[in-house]
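User: Could you take me through one helix of this model in detail, and then show me how it fits into its surroundings? I would enjoy a connected account rather than a list.

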Amino acid sequence: MQQIRLGAIDYAILIVYFAFVLGIGWTLRRYVRSSADFFLSGRSIPTWIAGLAFLSANLGAQEVIGMAASGAKYGMMTSHFYWVGAIPAMVFVGIFMMPFYYGSRARSVPEYLRLRFDEKTRGLNAITFAVMTVFSSGISMYALAKLLELVLGWSFHTSVVLSAVIVLVYIFLGGLTSAIYNEVLQFFLIVLGFLPLVLLGLKDVGGWAGLTAKLETVATSAGYSAGAWSDSWRHLGSASANPMGVEWFGMVMGLGFVLSFGYWCTDFLVIQRAMAAESMLAARRTPLLAAIPKMLFPALVIVPGMIAIALHSSRGGLLPLGSDGTPNYNLAVPVLLAHYLPSGLLGLGLTALMASFMSGMAGNVTAFNTVWTYDIYQSYIRPGQTDRHYLRMGHAATVLGIVLSVAAAYATTRFNNIMDMLQLVFAFVNAPLFATFLLGMFWRRATGHGAFFGLLIGTAAAATHHGLVLPHGATPGLKGGFLGTVLHTYPSEMAQNFWTAIFAWSACFTATILISLLTRRNKSDDELRGLVYAVTPRGTDRELAWYQRPATLGGVVLGLTLLLNVIFW
Amino acid sequence: MNLDLRLPMGLMFAIFGAMLTLYGLGSGDAIYARSLGINVNLWWGLVLLAFGLVMLALVSRARAKRRGRPDAVP
């Protein structure tokens, strides 16, 4: 694509933003006195801030660039990532799981696993999580630098160093509070920076009606029925009727149940934001409050992709073509930015884009330094030191996390396959986790051995399934089928991933139950108080008026989501 | 927490708003061909400015409240 030329006003906006980001870190440095301040914000964050940070920590490169790309590639069906995936999971974690995360006073998700199960389950989770976060942060950095290289002509090294240094400085100074405050700033910047783009794009294509009309051409020329790009549910009857290649069961179970619940309910990256909240009630409301803006995000991140593909087909070649002749969907947002925004707003839009990458990175780095310091360093390397010692380690771990992320970013430029392979392995590790937490929190009979070996069996099931199946048109290798025989061919990679997750979850769920029944309980009811549903005293919501209860808020959120599903059926 | 986040947030968006509004007033019509002929810098600048000022107003109201003068509005 043609490179964008920035004016003085655009650079000025970028510089003002960086000044504020660093300024917040600088102001907050005075309040960091203990390791709990650094890693948990002293458990003092108000609900609205924790909620927006919960949302924004996840609003990284993958969401802004990836969801727009999916919007262009698959159309309105991408909204399932929100309305079937994220929202119900966020309501579930707020109402049912947060009481145990927050109530147990665990400082991290792996630490919860130690309290609930045993040391080995925690170790397994802590180490895979630490490795995973560093690589995700590195991938985020790589994606940002590649994008800026392509769009602005900045050198790869400049972008990597610039983003790494800024994120390092503000986390180093202010710890988790600084990361959370900046995430909220980034949230508003992303909303206010992309909204004009969506409004201009919609006006240009003739509103929603004009957009659907243009998308009909896209759908019919790809060989689907006319509404395939603008309806979310109507074409899920069979996998061959929609561009995603998924049928409703794989969608609801794979994406909705296993993958989304697995991510939103067990990933420390987001849970950490709620754990930093000022009270149990605030912690429970954090994901519920986050769900409200989250359900509107498709308008901000998916619709631009749909506009881009509509214009691409109706006005001829808006998106640059890749080497295989298909449009480069990942460029949907940058291309629209350049297409609609004049100097001035363009600077704001690009700042928002950079903010999204940096909030993703910062989220990973703060989760990494906590897990490293509490769950690995304090547990296995140097236990029993003073709090000051662990605070210093937190600072060191922040530097380490950033350095490893930079290394991962450069590794990606050299070995693209290694990155794909790692992401695949992580998917295998993550898919069964939700079964472990579900059984851990709601079945007191689940044992440490059951959880540990259940997880391993779930991961093995994911790898085996992936090794025996292939997406349509792929050759055996990283894409699947590496075990020699191909038992089944899925219509798309997405369908294959959903089913891998379903197999992994079911295997972990069954294996954990069987092994738990065969092994002796290692925790008594007394030890499980506050960790497991059945032995935890309830009824704390009674003193709240009905409209203040988390369950009411959750019900409202689910009702609104259902409404959105029906409107865009 | 000790720093009211709305303060830096309000300041930042008010500054962005002022910058874009002024730039929108000063720039000619030519650059707005791509934004469908709308002076988006001016209009969106005013939106950001308003958002920033509302945040700042909330901060100063919260401060007045803490000093026990709930009637004090900036």
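Analyst: Happy to! Let's take α1 of chain A, keeping in mind that this is a predicted model. The buried residues of α1(A) pack against α8 and α15 of chain A, and also against α1 (6–26) of chain B. The neighbours of this helix therefore come from its own chain and from the partner chain.

Which residues of α1(A) are buried? They are I9(A), D10(A), I13(A), Y17(A), F20(A), V21(A), I24(A), G25(A) and L28(A). Viewed down the helix axis, these buried residues lie within an arc of 165°, so they line one face of α1(A). A8(A), Y11(A), I15(A) and A19(A), on the other side of the helix, are exposed. As for its length, α1(A) has 21 residues, which at 1.5 Å a residue should span 30 Å; the C-alpha atoms at its ends are 30 Å apart, so the two agree.

Now for the partner chain. Between the two chains, 31 residues of chain A are in contact with 23 residues of chain B. On the chain A side, α1 (8–28), α8 (156–205), α14 (332–340) and α15 (345–381) each supply at least two of the residues that touch chain B. The largest share comes from α8(A), with 10 residues. Sorted by class, this side of chain A has 22 nonpolar, seven polar and two charged residues. Note that α8 and α15 of chain A, which pack against the buried residues of α1(A), are also among the helices that supply this side.

Stepping back to the whole chain, chain A has 21 helices and two strands. Its C-alpha trace spans about 65 × 55 × 55 Å along the principal axes. For 569 residues, a compact globule would have a radius of gyration near 25 Å, and the 23 Å of chain A agrees with that. Buried residues make up 58% of chain A. Of the contacts in chain A with a separation of 6 or more, 79% join residues 24 or more positions apart.

The domain assignment divides chain A into domain 1 (8–414 + 544–567) and domain 2 (429–531). The centres of these two domains, taken over C-alpha atoms, are 25 Å apart. Their contact takes 28 residues from domain 1 of chain A and 25 residues from domain 2 of chain A. On the domain 1 side, α10(A) gives the most, with 11 residues, and the residues of that side divide into 15 nonpolar, 10 polar and three charged.

Terms used. Residues numbered from 1 in each chain as written. Chains lettered and ligands numbered in written order. Predicted model: local features only at pLDDT ≥ 70, side-chain atom pairs only at ≥ 80, totals over all residues. Contact = placed C-beta atoms within 7 Å. Helix = DSSP H or I, 4+ residues; strand = E, 2+ residues; numbered from the N terminus. Nonpolar A, V, L, I, M, F, W, Y, C, P; charged D, E, K, R; others polar. Expected span 1.5 Å × (residues − 1). Buried ≥ 20, exposed ≤ 12 C-beta atoms within 10 Å, placed from the backbone. Arc of directions from axis to C-beta. Rg over C-alpha atoms; globule rule 2.2 N^0.38 Å. Domains from an automatic or database assignment.
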